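Trainee: I have this one open and would like to talk it through with you. Can we start with how the surface is worked out?

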Amino acid sequence: MTTFTKTDAVQVEAAAEPLAARWNRRLGGGWIFPLMILLFALFTALRPGQFATPFNLSTLAVDASILLVLSIGQTYVIATAGIDLSVGTVLVLSSVVGAKVMLALSGTSGATYGTTAAGWGVIALGTLAAVAAGSVFGALNGVLVACARIPALIVTLGTFGMALGFAQLLSDGQDVRAVPQKLVAAIGSGRLLGIPSLVWVALAVTVVGGLVLHTTRFGSRTFAVGSNAEAARRAGIPNRSHLVKVYLLSGALAGLAGTMSVARFATTTINGHTTDNLSSISAVVLGGTSLFGGIGSIFGTVIGVFIPIILLNGFVILGIQPFWQTVAMGAVLIVAVYADQLKRHAAQRGERHRLRSRLTRRPPSPASPSHHGEETP
Amino acid sequence: MTTFTKTDAVQVEAAAEPLAARWNRRLGGGWIFPLMILLFALFTALRPGQFATPFNLSTLAVDASILLVLSIGQTYVIATAGIDLSVGTVLVLSSVVGAKVMLALSGTSGATYGTTAAGWGVIALGTLAAVAAGSVFGALNGVLVACARIPALIVTLGTFGMALGFAQLLSDGQDVRAVPQKLVAAIGSGRLLGIPSLVWVALAVTVVGGLVLHTTRFGSRTFAVGSNAEAARRAGIPNRSHLVKVYLLSGALAGLAGTMSVARFATTTINGHTTDNLSSISAVVLGGTSLFGGIGSIFGTVIGVFIPIILLNGFVILGIQPFWQTVAMGAVLIVAVYADQLKRHAAQRGERHRLRSRLTRRPPSPASPSHHGEETP
Amino acid sequence: MTAPLLEARGLVRRFGHVQALDGADLTVYPGEICALIGDNGAGKSTLVKILSGAERPDEGTIHLNGEEVAFSSPADAQRAGIATVYQDLALAPELAAADNLFLGRELTVPGPLGRLGVLDRRRMRRESAALFQSLGVYLKSPDVPIASLSGGQRQSVAIARAALWSDKVIFMDEPTAALGVVQTGRVLDLVRSVRDRGIAVVLISHNMTQVLEVADRVEVLRLGRRVARFARGEASVDRLVTAMTSAPSTEENAP
Amino acid sequence: MTAPLLEARGLVRRFGHVQALDGADLTVYPGEICALIGDNGAGKSTLVKILSGAERPDEGTIHLNGEEVAFSSPADAQRAGIATVYQDLALAPELAAADNLFLGRELTVPGPLGRLGVLDRRRMRRESAALFQSLGVYLKSPDVPIASLSGGQRQSVAIARAALWSDKVIFMDEPTAALGVVQTGRVLDLVRSVRDRGIAVVLISHNMTQVLEVADRVEVLRLGRRVARFARGEASVDRLVTAMTSAPSTEENAP
Amino acid sequence: STGSTTAAAGGASAAPSGGSKKVALVLGVKGSPFYSAMACGAEAKAKQLGLDLTVSAGDAFSADAQLPVVNAVTAAKPAVAAVVPTDATALVQPLTALTAAGTKLVTVDQVLADPKPVRSRIVTDNEKGGRLAADEMNKLTGGKGKVLVITQPPGSSAQDARTAGFAAGIKKYPGITYLGAQYQSDDPQKAAQIITSTLAAHPDLTGVFSTNDQGAVGALTGLKQAGATKKVKLVAYDAASAEVAALKNGTLSALIAQNPVQEGEAAMETAQKLIAGTPVPATQLSELVVIGPGEKAKADRYAYKSTC
Ligand SMILES: Nc1ncnc2c1ncn2[C@@H]1O[C@H](COP(=O)(O)OP(=O)(O)OP(=O)(O)O)[C@@H](O)[C@H]1O
Ligand SMILES: Nc1ncnc2c1ncn2[C@@H]1O[C@H](COP(=O)(O)OP(=O)(O)OP(=O)(O)O)[C@@H](O)[C@H]1O
Ligand SMILES: [Mg+2]
Ligand SMILES: [Mg+2]
């Protein structure tokens, strides 16, 4: 039996290549970013005076802001190998709760054009209420997924319906139309340093969300739980409570998005947002986060949110028939994920292969032998 | 080293218990069937003269028929560990294609009152066209999932949009003007031996679907591919082409459901069916088919389709506020799956545990040692 | 010695920039137990996968009974009488033992229904029970899902599966890695009883004691190349370890 | 001999109607390598999981350094100085080696940011590189995901992880099952170097040669019960196999 | 409140699109017969007037789906935009932004809470439609029995107004019991299910009012399935092809029809005038007609068409 020499061991401090790979992963990797640049360049070339104008760019950012906030939460959830179909209706419920609270607190209207004269205190309380409502639903999702161990798809499909039902019950099906004027003016359509307030909010959520996911213990545990829940548990990570927190985060962000939506539309939108769940999931997946957990990128999600919005905007500006837009959107989703897969595949064929077969659930033997030659001396 | 005696080996012909277990699995197992019975009994007790009437029962069956046909296809797809979000819009597209073909073939109308005098030949051709259109989309899904290896959720989310877009393009957003009178009268609202024709069609699809899934090579390979795709490939099963066939089946059934829908509503319904995908998925999962593949039951799916339909019917009869229906539906989905899980868990704690941990993707070691005492001599 | 049953020559297989096989050879004679050994990553599993049609070589030839063959799928290799027990067990955990045994070659009822693909479950169950009995495998029932069997039982099902479908060569990639002493003994007995039916067995193992105990001949792979061959009696643990770990050389001991 | 470091008495664990442990005992002394052997399904892994807090016993007591303890989670056991290398490797495949090493006990930057949970990746990387070096583990970089490492490397990471977090006992459940001769040698050297640091190691293995080579003491489990104990020198392959497979009896050889 | 009156002077706001003939039409939702007919009318008229028309729409009839479309239209800077605002409140701000960028705004079919940015509005009175339906229902049922409303889940102002109008109108007839509204979220299957279930509970149901075409198709199917087409009178909004057909064969009793083609045409005529600087009326009422039993020619005239 050979003895091994300790001089084998080499201390390698942050080899350049894997760090690049890690960043590539953080940026969502793949073709998505170039694709966005390409779309951008294309539309700019076709309609320079209309597409790449300051107005349109800031419009694009505002259009993205609410979905972006939802998608940040969704990224966390999908990174744990979960899924949250309830975000859109939780948004609606939260917006109703928030708007009702603000209306109740601001006394007997003073409502012109459906706005009230409520001050920032009331707005803060209403926002809190909305976030709390979202959090309650998020926590419910989390508990059912983590403790009752029901598949996330089923849990959130169920709460999808429940949240909508409660929203309709609460509001009696009537949109709350009188919302604080200050909220609408300052947040909904206001600007700060020339940038729309809603974009600031989304930016703040994104930056914090990105930092937390990629640089903190919470983020690293999120990936760990998604990568191998049992390993995380055995490492002493409180698995279930972490999952509950992640779903709660998604719910809370949906609640925040609810208030953003009220600010933007100056009303609740009970019959809207029904496809926000699928939009946010496709944004997250477009952005390179793995549906199987363990891998994810907030930056990728940002791009994933923008691609369909840019597409829609460009198509309308070009005057392409609306029906074709529906077709194109579906095709782009598939093509983008496919191209992304191809690129990653080419980059690290071996790893990818192994990963994929693990994902397609051939029972792999993890303690099983080297499929990489690195250890062969 | 101990030698083992060949007398250990006992030939066991179909031990009673596992056969029962197998049947239990085929029947979808769990609490779903009792739950349906319970709901039935409850509504009957509360409104005997209204709920359990022949009229209402046949009504329930007709209401279930189209979704049932979709869900049969969905059961196959989910049994392969896939998912098909596109069924509803493929139904719409197929119905438009079918109705257009029938209209074109029946010459310049003869159309009185939104129906044409087209004969059975034309109807057969139109049905064929609808099934063909569905099959094309199904095959597209299958190829993208099996060959391009894009996650099924993404593929079918993409084709969901594409099918709807094509349907709108084809129809110009207008429901097709006239459909054959014979189709509407004989299939849509006709009866055969006192049972509505649509129910016959759904019954035929269900019986054939059940037999194929549970007694034929095709069915057993469907489970094998869902259980362990690599094992299936290595066993010489043409994995990819099998997956393509399964998605194609789902698409073709959506096509058939398209014609059923035309027959039932006497028109295409371009704006309907957007939530059929989620309805059929929840029916299949309620019925005990595992989202992780390898396990499934057509009988369970039938029950899974009926539960929400019975619920809605009972709620309307009881006069419960519509908003509560939405809430209750979501809650029932969660509770039913949870109860089901509990029961299975109690029944075979060990197996369940291991399975679940495999599903939550702790890398298991399949060649790894006995977790069952059976072999200990 | 008789003419080789299976002969692989100069097989090359690359994965990206990893050279898994670098001109590997393998010779298998009829009715023998041939041990294939080598360090982790030596390329044993890759070689086996190529010879059983699950992967394709970039270069090299395979001769079966003196004729050149090329397998484009596992089904091809199976048709040629080659079966494999893979290192990452290739069974469907949710299916029953009997279903796994006949996976890909399901028995159908006679007559027109059979042509429609209706399974003859009775016959499959009967035949699998008989097979398990003849191989000395004990299963409570062939109807419970594989997932509820023990590791040793699963291994037995995989071996029985291979024995059922092969009449020439069975490859077994570390079949005893996780088994206890008793179960290992059973599997090795199974291996011998398969060999005694006249089928050649290629056994991969990291347990040198086991290799010496059971193998008629040993082939050693190192860095994707055959570096040594030993006949029964020529080998000792030390010689095997040296062959696996020393610098690659031309083949040392042609038998 | 000195007083036991860890002593389990009368542990019982049932899964449904399977009795995994049926009054199992285990004694571990400080600074020794104790082999725990037994057939498949004897209950070794269950015992280890209970002693490392991953499962809870239905009955029985655990004493650590003479004091009774009860672990309600793996974190509890880790705090008490117990770490485990599980049979079904408990690593997160998508995370890097360094992240896996510190999983559950991540290092944070000093100051208020640290209290917010901001990771000190530099330090984790530095410390893990140092640890790998001191244990003689070679990794190209601590930054690549575990999924791209070889089996031996993954096993090394798991062992390094255990060594990092334990100062009393490390359980290793079949750490060499799939490893080649060279890698097995390395792992056994790792085991010895951990022991030499004064940490007790409980090694589970089905390879009797290996057990005899490395263990200071052997405990034998059968049908969920300790049936025999051997001191170094007392044991032979035959005696071990007999103990594992013969009918359960009262303990034979108290050391 | 009335909107801004004639608009010739409005051209003063720095219009970059002085001589441009670009006109945008933003519909309420893609793929609905009503809006397809409106687009059809607009396209034909635009061609005739020599306008450069682009049509767009969101995926769902809701403000959040429509807003990005409106914003893109704003970026495209057409001379005139005709918009179907999916929400009276939510679209005030973006449509104000649209006019601020120099585009002149015409609202079609639905109204905006704040009339300031609107040069002209082409409206239908949905509440009145609901009341008309109630009157028609009274006539058809002879003033007695139970009636049900099938509508979309609340949130769409047009549907809500139709329901409210009907509820208010039906109060006038003491012989009629109003069972309230049930929701079908644009899903004919669910509508059919609701009808059959209601019939199980209330075999003495005499009337159903559907606030849109999808509900009507479903209700019709449900009634047919229950063999109750004779007994239960169905009144429905819109004149989609399926509804017209049903009216003609007698399974549907009456339709409250709008005239989307005319609305589209009017929108284009208004746009043409705005571009030319001719004055336009602040409010133009579009037609609302009741098509009674057997009025086949009238039904054909008003049927929503996608080719015109
Ligand atoms: N699918 C794959 N993708 C990338 N590389 C692979 C793949 N399969 C094998 N390899 C590479 O080929 C080499 C040989 O692998 P192989 O599995 O054949 O070794 P082995 O001899 O079976 O090792 P062990 O004893 O550990 O099972 C490994 O170094 C690995 O890097
Ligand atoms: N999670 C579980 N659910 C049900 N039964 C279990 C579970 N874990 C263990 N068992 C049962 O407990 C018994 C002991 O299992 P255990 O894994 O402890 O054996 P072992 O000695 O580690 O075997 P091996 O050498 O194969 O690893 C087995 O017979 C198995 O049936
Ligand atoms: Mg191998
Ligand atoms: Mg074990």
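Mentor: Accessible areas come from the Shrake-Rupley method with a 1.4 Å probe, and for residues only the protein chains shown count as cover. On that basis chain E exposes about 9,500 Å², with carbon and sulfur atoms supplying 54% of it. Keep in mind that this is a predicted model, in which local features need pLDDT of at least 70, side-chain atom pairs count only at pLDDT 80 or more, and totals for chains, interfaces and linings use all residues. Residues are numbered from 1 along each chain as its sequence is written, chains are lettered from A and ligands numbered from 1 in the order in which they are written, and side-chain values use heavy atoms, with hydrogens and water left out.

Trainee: How many helices and strands does chain E have?

Mentor: Chain E has 10 helices and 12 strands, where helices (H or I, at least four residues) and strands (E, at least two) are DSSP runs numbered from the N terminus.

Trainee: And why call chain E as compact as a globular protein of that length?

Mentor: Because its radius of gyration is 20 Å, close to the 19 Å that the globule rule gives for 308 residues; the radius is taken over C-alpha atoms, and the rule is 2.2 Å times the number of residues to the power 0.38. The C-alpha trace of chain E spans about 65 × 35 × 30 Å along its principal axes.

Trainee: What share of chain E is buried?

Mentor: Buried residues are 67% of the 308 in chain E, with buried meaning under 20% relative accessible area, exposed over 50%, and partly exposed in between (1.4 Å probe, protein chains only). As for contacts (heavy atoms within 4.5 Å), among those in chain E between residues at least 6 apart in sequence, 75% join residues at least 24 apart.

Trainee: Switching to chain C, what does its make-up look like?

Mentor: Chain C has 9 helices and 10 strands, and its radius of gyration of 19 Å agrees with the value near 18 Å for a compact globule of 255 residues. Its C-alpha trace spans about 60 × 40 × 35 Å along the principal axes, and buried residues make up 65% of the 255 in chain C. The accessible surface of chain C comes to about 8,400 Å², 50% of which belongs to carbon and sulfur atoms.

Trainee: New topic: how many aromatic pairs are there over all chains?

Mentor: A search of the whole structure finds 22, counting rings of Phe, Tyr and Trp (its six-membered ring) whose centres lie within 6.5 Å, with planes under 30 degrees apart called stacked, over 60 edge-to-face and the rest tilted. One of them is A:Phe40 with A:Phe51, an edge-to-face pair at 5.2 Å centre to centre and 70 degrees between the planes. A:Phe40 sits in helix H2 (residues 32-46) and A:Phe51 in helix H3 (residues 48-51) of chain A, 11 residues apart.

Trainee: Is A:Phe40 buried or partly exposed?

Mentor: A:Phe40 is partly exposed, at a relative accessible area of 27%, whereas A:Phe51 counts as buried at 1%. A:Phe40 and A:Phe51 also belong to one aromatic cluster with A:Phe43 and A:Phe315.

Trainee: Last one: where is D:Ser128, and what does it touch?

Mentor: D:Ser128 lies in helix H5 (residues 121-135) of chain D and is buried, with a relative accessible area of 0%. Leaving aside neighbours within four places in sequence, D:Ser128 is in contact with D:Ala98, D:Leu101, D:Phe102 and D:Pro142.
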